[in-house]
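Open the model in your viewer and keep the selection panel handy. We will go from one stop to the next, and at each one you will hear what to select and what is there.

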Amino acid sequence: KPKVIAKPSTFLTFEQAKRLLWYVRNRPHGIAIWLQVLGGLRAGEVQALKWDSVDLENRLITVRSTYARKEKVFRAHTKGKKIYQVGVPLELALFLEETMQRSTGEYVAGTPKQHMCYQAYVKSLKGYLTDLLLPNASTHSLRHTSTIVYREFGAVRDDIHALLGHAKSNDVTDRYDHAKGQNLFKVAKVIRLFPDCGEVSPEFPKRGNDGEIIGQLEGSRYLE
């Protein structure tokens with residue numbers, strides 16, 4: 001078969017990722033966005049992620065299953081047909097702990113009765129990107145964005161390979177590496193996007209009914 005030419009990957013910059021994470025923290029599907037940007041999980045892996053796979057004490061997430069949207073079934077393995085672990089940065093761990101305390105269901109990003117709806121997730125993400133005047137990005141773009149964040153804190157090629165749970169050669173990882181796996185957990189421990197948890201959040205542009213920018217949103221505080 002003729003070789004398919006890969007399309008250019010879309011992703012957010014490091015600063016754009018910070019703005020998005022701050023903005024969505026107390027909004028619907030915020031935890032899903034954080035899991036993709038700071039954990040590198042696929043959307044299907046977020047949908048399938050249960051609390052029994054989250055180890056907050058050791059700050060680890062075991063990615064062992066995924067939700068196949070076309071077939072509408074859960075699979076007992078990831079897309080790469082493997083089970084892998086990712087380190088959990090401190091700020092994501094704190095967010096997960098808060099979410100766990102409020103949760104009454106088994107799914108991390110789902111409702112009390114079922115897993116997260118992908119269509120609703122996409123709608124929320126697009127709305128947040130529009131609010132912040134950020135480039136249009138898909139859920140898969142957030143996985144690419146996670147490599148930007150990890151590279152910012154010293155991750156190397158093999159770390160990105162481990163983060164994304166790629167089962168085959170580094171050829172696939174190279175498409176995500178825009179800039180030895182054991183270093184990944186060290187990187188996860190030093191990631192801090194908002195060092196001062198009491199600082200006032202960045203101001204975000206606000207649009208009027210006609211789409212014109214009319215002012216700034218009021219600042220909120222992180223981890224109030």
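A word to settle before we start: two residues touch, or are in contact, when they have heavy atoms within 4.5 Å.

This is a predicted model, in which local features need pLDDT of at least 70 and side-chain atom pairs count only at pLDDT 80 or more, while totals for chains, interfaces and linings use all residues. Residues are numbered from 1 along each chain as its sequence is written, and side-chain values use heavy atoms, with hydrogens and water left out.

**Whole protein.** Begin with a cartoon view, where you can find 9 helices and 7 strands. Helices (H or I, at least four residues) and strands (E, at least two) are DSSP runs, numbered from the N terminus. Of the 224 residues, 46% are buried; buried means under 20% relative accessible area, exposed over 50%, and partly exposed in between (1.4 Å probe, protein chains only).

**Helix H2.** Now select residues 30-39. How many of the 10 residues of this helix are buried? The count is 10 of the 10, so helix H2 is largely enclosed by the rest of the structure. Trp 34 and Gln 36 are among these buried residues. Step just past the end of H2 to Gly 40, whose phi is positive, near 70°.

**Ile 33.** Stay in H2 and pick Ile 33. Its relative accessibility is 0%, so Ile 33 counts as buried. Leaving aside residues up to four places away in sequence, Ile 33 touches Leu 20, Leu 21, Val 24, Tyr 121, Leu 125, Tyr 128 and Leu 142. Try a distance label to Tyr 121: the two C-alpha atoms are separated by 8.9 Å, though the residues are 88 apart along the chain.

**H1 against H2.** Add residues 14-24, helix H1, which packs on H2 at an angle of about 155° with the axes 9 Å apart. Axes are lines fitted to C-alpha atoms, for helices over the stretch in contact, and angles run from 0 to 180 degrees between N-to-C directions. To see the contact, show Ala 17, Leu 20, Leu 21 and Val 24 of H1 with Gly 30, Ile 33, Trp 34, Val 37 and Leu 38 of H2.

**Thr 145.** Finish in helix H6 (residues 139-152), where Thr 145 lies. Is Thr 145 buried or exposed? Thr 145 is buried, because its relative accessible area is 0%. Beyond residues up to four places away in sequence, Thr 145 touches Phe 11, Leu 12, Ala 17 and Val 37.
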